[in-house]
Every structure is written in structure tokens, then in C-alpha cells.
Amino acid sequence: MPCLFRRDTKVSARKIRVLITQLTTERMDAIHTGTAPDDLATKIMTTADPETGETFEIEEMVDQVAIFFLAGHETSGSALAWALYLMACYPEWQEKVTDEAQVLTSDQFGLIFKLRISRDVFRGIIRLYPPVPMMVREASCPEQFRDREVKVGS
Ligand code: HEM
């Protein structure tokens, strides 16, 4: 497939990759010197494959971080942008969401599931303007989904 990205898009993508490589290399160094924080990145980089015993090479880790960057950034950015737009269009709902949020203080993030109006509003937003409207897959080997045969290439 031809890749019709604009030149400056490719330049930006390269910059992002250089930045991620720098961050990943710094973390790898911190792991080796025993100063790395015990967070998700460290866990991913130090957990060995149970079959091969290998951990990720720098390049593989850069791919993982790049996926998180893309998957976690564009999606939530798009959802939040539409949320703000729709809240501006429907101020009565903006009021309800604001009122509901007053019950939580900043250290009660774990109680976020109690915000039922906010949850419903957010679900409505991603239903109307889904950050990922659909995913397409092609079967690379014969497969069975429940009682259906999935052929190669379908
Ligand atoms: C509104 C926000 C989000 C939406 C709508 C969304 C949507 C999706 C969808 C539809 C998939 C499945 C893709 C598939 O079928 O293979 C997916 C996978 C994934 N998402 Fe999200 N996502 C969101 C937020 C995030 C955030 C915040 C992160 C990370 C910080 C993230 C990381 C990932 C990753 C790593 C995968 C791949 C999982 C795997 O196949 O191993 N997503 N997301």
C-alpha cells in the first residue's frame, strides 16, 4: 500500500520515535543501575518471556511505547475534545456533570465509578463520536468462532 503521509507528518513521527528511544534508553540504564521506579515501563522491560526467558530489546520496547503513545493519546484526546464540545452544546448536562463531580475530592480517584451521570455522558459521547469507529481484521489461518468457520483471507 502506498503511504500517503505528508512530509511534515513523517518528520514528526521520526521526532516522536527519537524521543521515545531516548526515554527507553534512559530507563534501561536506570534498570541496570537499580534506580528505576517500579512502574509499568520497568515491569514490561524486566519481565521475561516465560518460554524463551528473553526480555524486550530496546527497539521492541520502543515499539511497545509507541503503541501506547498512539493508542492512549489520540483516543482519549479525541474523546475529551468531543466531550468538551458536547458539554458546551448542552450546558444543562455540563451542570449535572459538574455537580456530580463535587462529591469527590482529589484523593478519591478510586471512587470515580460512582459518577454515574458522568459515565453515561461519556458513553454517549464515544457512541456519537467514537475515537475508534471500527477495527478490521483478516484471518491469517483457518479459525472457528463459536459455530462459524472463518476461512483464510476473510
Ligand atoms: C477513549 C479512549 C480509548 C478508546 C476508545 C480505545 C479504544 C481501543 C480499541 C477499540 C482497542 C482494540 C483494538 C483491537 O481490536 O485490536 C484498543 C486497544 C488498545 N488500547 Fe485503547 N482505547 C482508549 C484508550 C486507551 C489508553 C488511555 C491506552 C493506554 C494508555 C490504550 C492502550 C491500548 C492498547 C495498548 C491496546 C492494544 C491492546 C492489545 O491488543 O494488546 N487505550 N483501544
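Let's start with the salt-bridge network: Arg 17, Glu 59 and Asp 63 are linked to one another that way. Please keep in mind that we are looking at a predicted model. In total, the structure holds 6 salt bridges, and I'd like to walk you through some of the others.

Take Arg 27 and Asp 39. Their side chains meet in a salt bridge, with 2.7 Å from N to O. Asp 39 sits in the loop between helix H1 (7-33) and helix H2 (40-46), while Arg 27 belongs to helix H1, so this pair ties together parts that are 12 residues apart in sequence. Is Arg 27 buried or exposed? Arg 27 is buried, because its relative accessible area is 17% and the cut-off for buried is under 20%. Its partner Asp 39 comes out as partly exposed, at 29%.

Now go to the start of the chain, where Arg 6 and Asp 8 form a salt bridge at 2.8 Å, N to O. Arg 6 has 57% relative accessibility, so it counts as exposed. Asp 8 is partly exposed, at 40%.

Another pair is Arg 119 with Asp 120, where the N to O distance is 3.6 Å. Both partners are partly exposed: Arg 119 has a relative accessibility of 34%, and Asp 120 has 46%. Asp 120 is part of helix H5. If you measure across from Asp 120 to Val 97, which is 23 residues away along the chain, the C-alpha atoms are 10.0 Å apart.

On to the ligand, then. Which residues are around it? Phe 68, Ala 71, Gly 72, Thr 75 and Ser 76 are there, along with Pro 131, Val 132, Met 135 and Arg 137. Sorted by class, that shell has 5 nonpolar, 3 polar and 1 charged residues. Two contacts deserve a look on the screen. A polar side-chain atom of Arg 137 is 2.5 Å from a ligand oxygen, and a polar backbone atom of Ala 71 is 3.4 Å from a ligand nitrogen.

While we are in this part of the sequence, have a look at Pro 130, in the loop between helix H5 (116-128) and strand S1 (143-145). Pro 130 is partly exposed, at 33%. Its C-alpha is 7.3 Å from that of Ala 79, although the two are 51 residues apart in sequence.

Last stop, the surface. Tyr 90, Trp 93 and Ile 117 make up a nonpolar patch there, with about 270 Å² of accessible area together. Trp 93 comes from helix H4 (residues 91-101), and it is partly exposed, with a relative accessible area of 35%.

Methods. Residues numbered from 1 in each chain as written. Predicted model: local features only at pLDDT ≥ 70, side-chain atom pairs only at ≥ 80, totals over all residues. Heavy atoms only, no water. Patch = residues over 30% accessible without salt bridge, like charges linked within 9 Å, V, L, I, M, F, W, Y side chains within 5 Å. Areas by Shrake-Rupley, 256 points an atom, 1.4 Å probe, with all protein chains shown as cover. Salt bridge = Lys/Arg side-chain N within 4 Å of Asp/Glu carboxyl O. Helix = DSSP H or I, 4+ residues; strand = E, 2+ residues; numbered from the N terminus. Buried < 20%, exposed > 50% of the residue type's maximum accessible area, 1.4 Å probe, protein only. Near = heavy atom within 4 Å. Polar contact = N/O pair within 3.5 Å; in protein donor to acceptor, adjacent residues only side chain to side chain. Nonpolar A, V, L, I, M, F, W, Y, C, P; charged D, E, K, R; others polar.
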